[in-house]
Amino acid sequence: MKRPFKVSGTLLHYILLLICSFPLLVSAQQRTITGKVVDQASNSPLTGVTVSVNDTTSNIAGTITDNDGNFRITVPSSARQLVFTFVGRNPLTELINARSVINAVMTAADSELTGVIVVGYGTRRKETLTGSVTNISNKEIQTTTHVSLAQKLQGKVAGLQIRQLGGEPGTFDNMINIRGFGTPLYVIDGIVRDGSSEFQRLNPDDIESISFLKDASAAIYGFGSANGVVIVTTKKGNKGRATFNYNGVVGFQTPTDVPRMANAAEWIQMRNDAALYGTGAPFVTDEEIQKYIDGVPGYESTDWYDVALKKNAFQQQHALSASGGSEKTQYYFGFAYVDEGSFLRSNDLNYKRYNLRSNITTELTKNVKAEIFIGGRYDKRTTPGDNFFNIFKGTRVTLPTETPYANNNPMYPAVVTPSNQNPLILSDRDITGYSETVNRNLQTTVALTYSVPFVRGLFLKGVAAYDMNSYQGKDVGKPYKLYTYVNDQYIVSPQRVGTSSISNNYGNSNRLTFQAQADYSTKIAGDHAVSGTFVYEQRQDWSRDAGLRRLYEFYTIDQINAASENNQTNNGSEGQAASQSILGRVNYDYKGKYLLELAFRYMGTYSFPPESRWGFFPIVSAGWRISEEKFLQDLIPAISNLKLRGSYGEVGSFDGTIPFQWIQGFTLGGGGRYEFENGSLTNGASSPGIVNPNLSWVAAKTADIGIDIGLWQNKLTIEFDVYRRDREGLLAYRNLSLPNTFGASLPQENLNSDRTQGYDFTIGHNNRVGKFQYGISANFNYARTQNLYVERGPFTNSYDRWRNGTADRYNDLVWSYTYLGQFQNSEEISSYPIQNGDQANRRELPGDFKYQDVNNDGVIDDKDMLPLFLGANGTNDNQNPAGKNPKINYGLSFNVSYKGFDANILFQGAAMYTVRFNEVYAEVLAFRGNTPAYFYDRWHQTDPLDPKSEWIPGTWPASRFNGDVGSMYKESSVWRKDASYLRLKSAELGYTFNPRLYSGAGIKKIRIYATGFNLLTFADSFVKAFDPERLEGLFNAGFNYPLTKTFNFGVNLNF
Amino acid sequence: MKKYIWLCCLATFNFAGCKKILDLQPTDKIQASVIFGDPQGVKIYMANLYFQLPIEDFTYFRQGFNQNGGDPNNGGFLPAMVTDEAMHTEFGDFVGDNDFQWWDQGYKLIRDVNLLIDVIPTLDIDATEKAALTGESSFIKAFAYFALAKRYGGVPLMKTSQVYEGDADALKVPRSTEKETWDYVFELCDLAIQNLGTEKGRRASKWTAYALKSRAALHAASIAKFGNLAPLSGNAVTQKLVGLEASVANAYYKLSMDASQAIMTSGQYSLFRPTPANPTEAAENYRMIFQDPNGASSEAIFIKGFTLPGNNQGHNYDIWFQPAQAANGWPHPGRMNPTLDLVDVYENYTTPGLSSPVVTTVDGNTTDYNGYSAAKNYIRYDNTNDIFKDKDARLWGTTILPGTNWKNTPIIIQAGYVKPDGSAVIRTKDQITIGTETFHTYGAASTSQYSGFDTYGGNNTRTGFSFRKFMNQSGPIVPGWNQSTTDFIEFRYAEILLNYAEAVIESGTGDVTTAAKAMNDIRKRAGHTGDIPLTSANLQRERRVELAFENKRFWDLIRRREYHSQFNNRMMHSLLPLQDLRALPAKKYIFVRVNVPNSNPRTFEPKSYYRYIPGIGSNGLVQNPQY
């Protein structure tokens, strides 16, 4: 977020003085000119600026400024002008006249010069902006290196919440969320192009900037924009000679942390405890246990993680771009390649991506400009024949007493307990098969802009955009064999008998958008600036997908025709959607002090009945630039910028609406199937439910009040916003209040409401001391959502209301028992209130957890639960259930540069949320498999066979299977942990070589850099091993791919 | 405003294309005229109704019906495991309040069938087709109300479909009395009987309607007769919403008797292979009825089919209940452990008419569950199934006994051994080498070679018995979800005979000779040769044995109000086969009767005779007692 700086008066004086004080040089054949080039905004020297003579007759090579911004150039005496060019700056031409010293001040290229940032259907100058919009430039994005664009943004934008589900290559399962509102709308080059996954796969080198519309200013995009809008603007070419830019990184990843599982000696002791405290008989004899402890031959421990996974995974990214152009035509071409490997020793899980972009702008006639933007992507994700979840589960649950191969003979993969999830075998595509996903994506935009002659300030624009995505998936599940070695024989255990299959899936989706736009701006009487934008927009989407599947009776080859025709299935579906809108915006400002913006969107959607499918949504915002007022300038000169602004807007949103709810009909999808004749199946039709002809969109109302402050020539800047979004008409079923004897559920209705509110701020400081330049930026966001109205049946009593009511409460409360500590002895257990229902406290042992009898009724049950935690229950896959997100997200970045060196450090953190695992990580001996090593620190007896023997305390209760414990797994602070964390998200150190060293070779800039990602994490010691940023994942098991710590080395080349 | 849109369209693009772009049609909805305009369309609708029938088949678990979609991982916990028939390998749960509920789904089926009943008069089909539809829909509705009545007692009777017009209160219907509810079931059965044809098939016929009535009326009659064994109290009782007067018992027994008799005298049905040559043949005949009901069409009155492997098509009996040795790569087999309590019930051919508990000691004590003691004088057997030698063929057809063959593999179920010094190692993995031979506690060295007692993967029986009935013996299992396609018999002739005999003996009316013959015919099919007298005890034992694992025992305990007396702090029992190494070099086995390891005593709460009614906050109904 470059801030425009006023050219300092003193500096100008200084330069003028310099120029005047030198004598004029005349009548030399050649002469030498020296000087220094500085940046207008920061007054810092610019390195690598091309300085050349603008002379069509002589072809004199230019030069390049050094690390201090100095240059020296010898020019013919006939030369009249020096031209300074540099990436991201406006070209500058200086008349030489008779000067031998020419110092130049370069300004940032147009967009940055005036702080013009991209907003909905247009651009705004930063200082006249009335909405809450944050803009991030390519340079700031690129300080973090990651395959996903989302990870390159995390921690850098106030109010932008990002959380990773896992680090699996090619999954792009980052949750992206603006201000806690939900999944935002994505706009790429002016066209709504949905999908966080698509967004994350953009080539970051192609991106000029990204704007985040965080308040009502997003509402102009209509449906979907209630959650904020992310606008990506890609790079366009500049006039001038072709410049090339290469950016390459190679690096390796390691998991941030992975909990250690028990080894054979630890496991067998815990397993024996479980047998004793469960069935009363030991699992194995003491002599056997001792053999595992001693690790005698045949009793070694297998570390399954180490068997299947390696320490490091390789990745590389290369991007090459070219840009340039003539007076009339400018071009930008970008190409990128990404290759991300995985931790699997088999190397059979990986991701590859190719991006291509061609952005061409040309002037067709004097008043007509054409833009053709084409972005293409091919990417491919490959996994072995079982998914990572199962492979990783295999490394967790498979017993350390098992071995990968029967009789340690690599010819015979072993049967393993408990679930035959031999991770080494599951991860090998040659054995289990594979799954491949290929996406081909094309985004095209053609725009014609007509600047109307004779009407100054009026532009007409027509845009057509067609996007296409083609998906191909192929899954091959091969049958394979596992073996047990018994009595000198390999006993075969065939796997996937009868379920070995091959499937091919195809999908194709299309999107066609048309826009017609008119822009007009003018100034009336000098002080009244008025501008307006009106747009008609329509969008159509259609898609078709199909899948084929056959089973193998006998596996031959991975081709669909090679599998059996006896067991083949296929499926397919089609979908379509459409919307139309007109929208408009009028801006007015008086002397740049008083700002007003009025906008609306009137739009219709296919998904509601014709009578009610259209809606009108207004937006208003205003600002007051107090710093433009004379009185303030006189009063407090230190204030260079002070603006108050506010916005309010309404917009309709879908939020889970099922289309065509108003049409009654039978459906074949929902009916059960029945076999009326032996061997022949009839697909049943399900009866129509009740229709709701009044179903409509959810109305979201967003309000924001903000203040922007700049002090001391904007060396210190502060932006602060408080915001609120109320949603009404959230969909809910009236089920609970309809008698359940009716036999059908009511359709969705617009019943519920909620409110999300919070604040965010950014504080920045930039300064330069000598050659040392630095910047610090901190951002912070707090957001929380509460339910307002929640449809439900009547409460039966006030306790029911207190315990089960959710209205007017935060949506992130988790009810829990109050954990008091561990029972120290059996006397304490027998005198303790009953906490395990019918089983009394019969199953509790010393070391077990005890909970508080909150209501003092002598029984610890559901009535003793209190809303103790922030979080949410429920398993989840890619989506965060409401409430799981951190309420606080923050980032802190530092950048410094000194001569050729530059460094960026980004800290990022989150707070106010909890995680709660299930299954292996939070259950001793889950699935009767291996268990985390931390459970070994447990209560146990000196002589397990003697129930009266002394107890030795530990962190965890005595090891038992979950059917044999009392209240061990009740929700409490034992299992639900605060996951707040702070991490060193990224650090980058770069060095730019002095251009003099290589300018002769036609190279303008060489910069090398090293970066690290997720380098350090500070969090609760239990949670840290799971990585607090990561979601618990499927079944809350924590078996999703580990988040990664990455080390990269890269090079930038400009030539 | 819309006018401007069209103007914009006109200015920029093709007008006609614009105007229609929002007028899209759904791709998944079908109009009523398409469905009901043709018998084939009606059949499509019927498929969904039959699918919803509360048939307690292979997909019926405590979570409810049709538990075979997607990943139906419910642990394989069956209703049989809350009766005295079986234990789960791992779980010890008993009847929970939320188990076996069927309320919302029941009323959904009733609404769906009422929608069809509404439309029948308007259909353009001939009168016989209309009658058939009336009969079929009455059968479905009767089936649904029977399932509701046996769970909840009296329920709201939705005789016609309701229309929601925005007022939820208008939809509230109070509970009818339990008697009214049963009477409505019988009324619907009669309507079905009148209208349905006699053609046998997989859709309802006159015979399926009679069979339903036979079962339902016996249930109602039993509640009337035995209700006083477990008196309940509360509003639901005083308003007669639960419970029946004892005085109606005989009338209901008569309804059952008549319905059964209609089937028995029809000449349409008979027992499958009624005269086996020997018990071995009888065991195999009995097993074959269930492995392929289509081969036993004389006995199967109503079959629910499982067609293809796959979601909502196949089921999971074979993977859940296969003995561990036959798991074929499936990680969770062996969940069904028939109890010693059930095994004890089967007669010995040598003592017809008497349950024959398994005798393990010379003193003949069959109530000592204190475990192994070197001091006790155990009977030694040459192998692990000799002890069951004279047992009823149906035991062999129902369970896998230790050491018997399954899919050509001897299924090894051994709990331990007695060392030569008399000390025993039981249910602990151990081995001992004596001379040159090594003995293993579980009868073999590797977990893949035995099926009993090792708690290693939770896959080995802990009662000493594995499961055979319904299991497909031909070929290895396919280790995936929903791969079994064995069909299920919902009504079979043997049950009708037993219903008839029970109605006669319990009511003290009717033709005792025919009733006794009905019971003895079934026994003869199982290899018995002589007749035993028709007594209530003999008949109930016969029901337990003949209908074991057909999800009848749960309801028999309920309707006869025996649950709370049978399960009063009750432990279930296991039989531990031990190799007796004291007998070496002879290979000998002894058996120990014990409580099922790692299990808790079970007590049935009388309130559980009825399920609680869900959603009383909004449906305004009177709750069942003690909930």
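This is a guided tour of a predicted model, going from the interface between two chains to selected residues inside each of them.

**Stop 1: the interface between chain A and chain B**

Begin by selecting chain B together with chain A, and colour the residues of each that touch the other: 92 residues of chain B are in contact with 93 residues of chain A. Between them the two chains bury about 7,500 Å², and 60% of that area lies on carbon and sulfur atoms. If you then restrict the selection to Leu22(B), Leu24(B) and Tyr456(B), you have the residues of chain B that lose the most area to chain A, together 10% of what that side buries.

For the polar part of the interface, display the residue pairs in polar contact between chain B and chain A, of which there are 25 with both residues at pLDDT 80 or more. The elements of chain B that each give two or more residues to this side are helix 1 (2-12), helix 3 (32-36), helix 4 (39-52), helix 5 (104-119), strand 2 (300-304) and helix 20 (616-619). Helix 4 of chain B is the one to highlight, as it supplies the largest share, eight residues. Coloured by residue class, the side of chain B that touches chain A divides into 44 nonpolar, 29 polar and 19 charged residues.

Four salt bridges are counted between chain B and chain A. One to select is the pair Glu675(A) and Arg202(B), whose side chains meet with 2.7 Å from N to O.

**Stop 2: a charged cluster in chain B**

Over all chains the structure holds 106 salt bridges, and a good place to follow several of them is a network in chain B. Select Glu299(B), Glu347(B), Asp392(B), Arg394(B), Lys469(B), Arg492(B), Arg523(B), Arg525(B), Arg541(B), Glu542(B), Glu546(B) and Glu550(B), which are linked by salt bridges.

Now centre the view on Arg525(B), which forms a salt bridge with Glu299(B), the closest N and O atoms being 2.7 Å apart. Arg525(B) lies in helix 16 (residues 512-525) of chain B and Glu299(B) in the loop between helix 11 (279-291) and strand 2, so this pair ties together parts that are 226 residues apart in sequence. Are the two partners buried or exposed? Arg525(B) is buried, with a relative accessible area of 1%, and Glu299(B) is buried as well, at 0%.

Keep Arg525(B) selected and add Glu546(B), since the side chains of these residues also meet in a salt bridge, at 3.1 Å from N to O. Here the link runs between helix 17 (residues 536-546), which holds Glu546(B), and helix 16, which holds Arg525(B), so it ties together parts that are 21 residues apart in sequence. Glu546(B) counts as buried too, because its relative accessibility is 0% and the cut-off for buried is under 20%.

**Stop 3: a salt bridge within one helix of chain A**

Move next to chain A and select Lys630(A) and Asp634(A), which form a salt bridge with their closest N and O atoms 3.2 Å apart. The two residues are four apart in helix 12 (residues 630-635) of chain A and are therefore separated by about one helical turn. Lys630(A) counts as exposed, at 56% relative accessibility.

**Stop 4: an aromatic pair in chain B**

Among the 114 aromatic pairs counted over all chains, select Tyr317(B) and Phe321(B), which are arranged edge-to-face, with 4.9 Å centre to centre and 85° between the planes. Both lie in helix 12 (residues 317-321) of chain B, four residues apart, or about one turn of the helix. Tyr317(B) counts as buried at 1% relative accessibility, and Phe321(B) counts as buried at 0%.

**Stop 5: two single residues and their surroundings**

Select Ser214(B), which lies in helix 8 (residues 206-226) of chain B and is buried, with a relative accessible area of 0%. Leaving aside neighbours within four places in sequence, Ser214(B) is in contact with Ser256(B), Ala259(B), Ser260(B), Ile496(B) and Asn499(B).

Finish in chain A with Ile763(A), which lies in strand 36 (residues 748-769) and is partly exposed, with a relative accessible area of 33%. Which residues surround Ile763(A), leaving aside its neighbours within four places in sequence? Those in contact with Ile763(A) are Leu716(A), Thr717(A), Ile718(A), Ile776(A), Ser777(A) and Ala778(A). For a sense of scale, add Tyr450(A): Ile763(A) and Tyr450(A) are 313 residues apart in sequence and 41 Å apart in space, C-alpha to C-alpha.

Key. Residues numbered from 1 in each chain as written. Chains lettered and ligands numbered in written order. Predicted model: local features only at pLDDT ≥ 70, side-chain atom pairs only at ≥ 80, totals over all residues. Heavy atoms only, no water. Contact = heavy atoms within 4.5 Å. Buried area = accessible area lost by both parts, 1.4 Å probe. Polar contact = N/O pair within 3.5 Å; in protein donor to acceptor, adjacent residues only side chain to side chain. Nonpolar A, V, L, I, M, F, W, Y, C, P; charged D, E, K, R; others polar. Phe/Tyr/Trp six-rings, centres within 6.5 Å; stacked < 30°, edge-to-face > 60°. Buried < 20%, exposed > 50% of the residue type's maximum accessible area, 1.4 Å probe, protein only.
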